[in-house]
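Trainee: Before I use any descriptive term for a model, I would like to understand what justifies it. Could we go through some of the terms together?
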Amino acid sequence: MISFDVNRLLEIGMALSTEKDTRKLLTIILDEAMNITSCDAGTLYTCDGNSLSFTIMVTKSLGYRQVSENGQSLLPPVPIGKLEDCHNVSARCALTGQLFNIPDVYSEQRFDFSGTKKYDEMTGYRTRSILVIPMEDNYGKIIGVLQLINATENGEVVPFDPEYEPVISSLASQAAISLTNMNYATDIAELFDSFVRVMSTAIDSRTPYNANHTRNMAKYGSNFCDWAAKQGLWDYSESKKRQFIMSIWLHDVGKLTTPLEIMDKETKLGQGLGKVLFRFNEISLLSKIALLEGRMSKDEYEKTLSDISEAQELVLQSNAGARLPDEALETINALGQRTYEKDGEALPWITQDELEHLRIRHGTLTAGERKIMESHVEMTEKLLSQLEFTPEYAMVPVWTSRHHEALDGSGYPRGLKGEELSNEVRLLTILDIFDALTARDRPYKPPMPVDKALSVLHDMADKGKLDKDILRLFEESRSWEETQ
Ligand SMILES: [Fe+2]
Ligand SMILES: [Fe+2]
């Protein structure tokens, strides 16, 4: 009758189901199986395609313990092959899921133990009893084999008591299930990560301007986290870093719904310029007809032509983003009052809507268009609120929804400030602006040199919008450099 501590078994079961590290889990299973059966040696093989990889090897009496690094087999792997020519006991166990309890390998005829005997010759060891158990998961898949060697009793090597078989089988299975679940969890996490990367790359690719925005930011963010961790500055564990990088990938996901004519708008009138120029041409032709029909004097006609040419120049200048002096703005305003006659109807030279575009003081977007552009943050929040983030990514929706806030409360959409913005949000904002300034793929403007971009960021920090210390760290880290 074998004896073992049931509480100990429960503890092992608990350890197996909560362990997140594959190597540790495999070590637990082999060590505990050896403890329970009081055996001297053991090998844990993992199935690797059509072979068994030596993952852990222990021989207590020789003081030998080896655990493979990076999944490399400790000895040449054992081929599993086909059943008819499978003479290795572990390979047979992996192939059939059968358990083998052999009292003495030297008198065993069913299997080829020449490898074991050779090992014994080399080391002076004497392999006698072995217990070979499949590690079968809940899908019936054998993911490894446990081979226990030389059970001992009162210092003597004895055969493995068959009563151990269900106990060790159940442990091996439990370990297999934990490993399979762990692999599934990793697969799902990887699938989610790659899906997010594909989606945000697709969103960035909607516009030719800065199609690498998110990718660049992820690179800078990752470099920064590694640098900060090395300096011992920020507590950036792998999982915290993953959460931050995930926030970068998702920060502009709301741009999915931003109209392209707003995202790609290079000029104030955008597509509307053609309409204005066409109208000026029409006014000039209608004036010529009026002149020929005697409804307009030559002086009036010439004055109209010169007004059109002045108006056109102003429109082109303003449209391209030039900051117009106040009197030019007045002239543009006056154009809104001016009309021409067509089919008995008085029509404006410049419509109210066009005037609103031409009067833009900064950039190329009207107040309404800017609002639509800015609403991508709310859309990001809305979209991400539909996703069930795991606890590991719990802060992603919070950090992403704050990437356009400013420390002094002048940002959007909520005007949050100071303590409401965590270090991660502050860094995300700096990375976002840095990449927007230094982007290389904006056809209408050359990239801003790094030094200039940093000085723009410092200006913003001086005005209280960005975190000075984090900006200084970012600058020190040189996270944007290719060599990282
Ligand atoms: Fe954004
Ligand atoms: Fe962005």
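Trainee: To begin with a location, in which loop does Arg 128 lie?

Mentor: Bearing in mind that this is a predicted model, Arg 128 is placed in the loop that runs between α4 (114-123) and β6 (130-136).

Trainee: What makes Arg 128 count as buried or exposed?

Mentor: The cut-off for a buried residue is 20 or more other C-beta atoms within 10 Å of its own, and Arg 128 has 21 C-beta neighbours inside 10 Å, so Arg 128 counts as buried. Leaving aside neighbours within four places in sequence, Arg 128 is in contact with Asp 104, Val 105, Asn 150 and Val 157.

Trainee: Asn 150 appears among those contacts; where is Asn 150 placed, and what is its phi?

Mentor: Asn 150 belongs to strand β7 (residues 142-153), and its phi is positive, about 55 degrees, although the residue is not a glycine. What gives such a value its interest is that most residues other than glycine have a negative phi.

Trainee: Asn 154 also has a positive phi, near 50 degrees, so why is one of these two asparagines called buried and the other exposed?

Mentor: The count of neighbours decides the matter, because 20 or more within 10 Å means buried and 12 or fewer means exposed. Asn 150, with 26 C-beta neighbours inside 10 Å, therefore counts as buried, whereas Asn 154, which sits in the loop between β7 and β8 (156-158), has 6 other C-beta atoms within 10 Å and is therefore exposed.

Trainee: Turning to the helices, why is α6 called roughly antiparallel to α7?

Mentor: The axes of helix α6 (residues 213-230) and helix α7 (residues 238-250) come within 9 Å and cross at roughly 160 degrees. Angles over 145 degrees count as roughly antiparallel, which means that α6 is given that description with respect to α7. The crossing in which α6 passes α7 is right-handed.

Trainee: Which residues make that contact, and how are they divided by class?

Mentor: From α6 come Thr 214, Met 217, Ala 218, Gly 221, Ser 222 and Cys 225, and from α7 come Lys 241, Phe 244, Ile 245, Ile 248 and Trp 249. By class, the contact of α6 with α7 has seven nonpolar, three polar and one charged residues.

Trainee: What makes α16 oblique to α17?

Mentor: α16 (423-438) and helix α17 (residues 450-462) pack at an angle of about 140 degrees, with their axes 9 Å apart. Because an angle has to be over 145 degrees to count as roughly antiparallel, and because roughly perpendicular covers 65 to 115 degrees, the pair falls into the remaining class, so α16 is oblique to α17. Here too the crossing is described as right-handed.

Trainee: What meets what between α16 and α17?

Mentor: Ile 430, Ile 433, Phe 434, Leu 437 and Thr 438 in α16 meet Val 450, Ala 453, Val 456 and Leu 457 in α17, a contact with eight nonpolar, one polar and no charged residues.

Trainee: Finally, which peptide bond is cis, and where is its proline found?

Mentor: The bond from Tyr 412 to Pro 413 has an omega near 5 degrees and is cis, while Pro 413 itself is found in the loop between α15 (396-400) and α16.

Conventions. Residues numbered from 1 in each chain as written. Chains lettered and ligands numbered in written order. Predicted model: local features only at pLDDT ≥ 70, side-chain atom pairs only at ≥ 80, totals over all residues. Axes fitted to C-alpha atoms, helices over the stretch in contact; angles between N-to-C directions. Helix = DSSP H or I, 4+ residues; strand = E, 2+ residues; numbered from the N terminus. Parallel < 35°, antiparallel > 145°, perpendicular 65-115°, else oblique. Left-handed = near helix turned anticlockwise from the far one by under 90°. Contact = placed C-beta atoms within 7 Å. Nonpolar A, V, L, I, M, F, W, Y, C, P; charged D, E, K, R; others polar.
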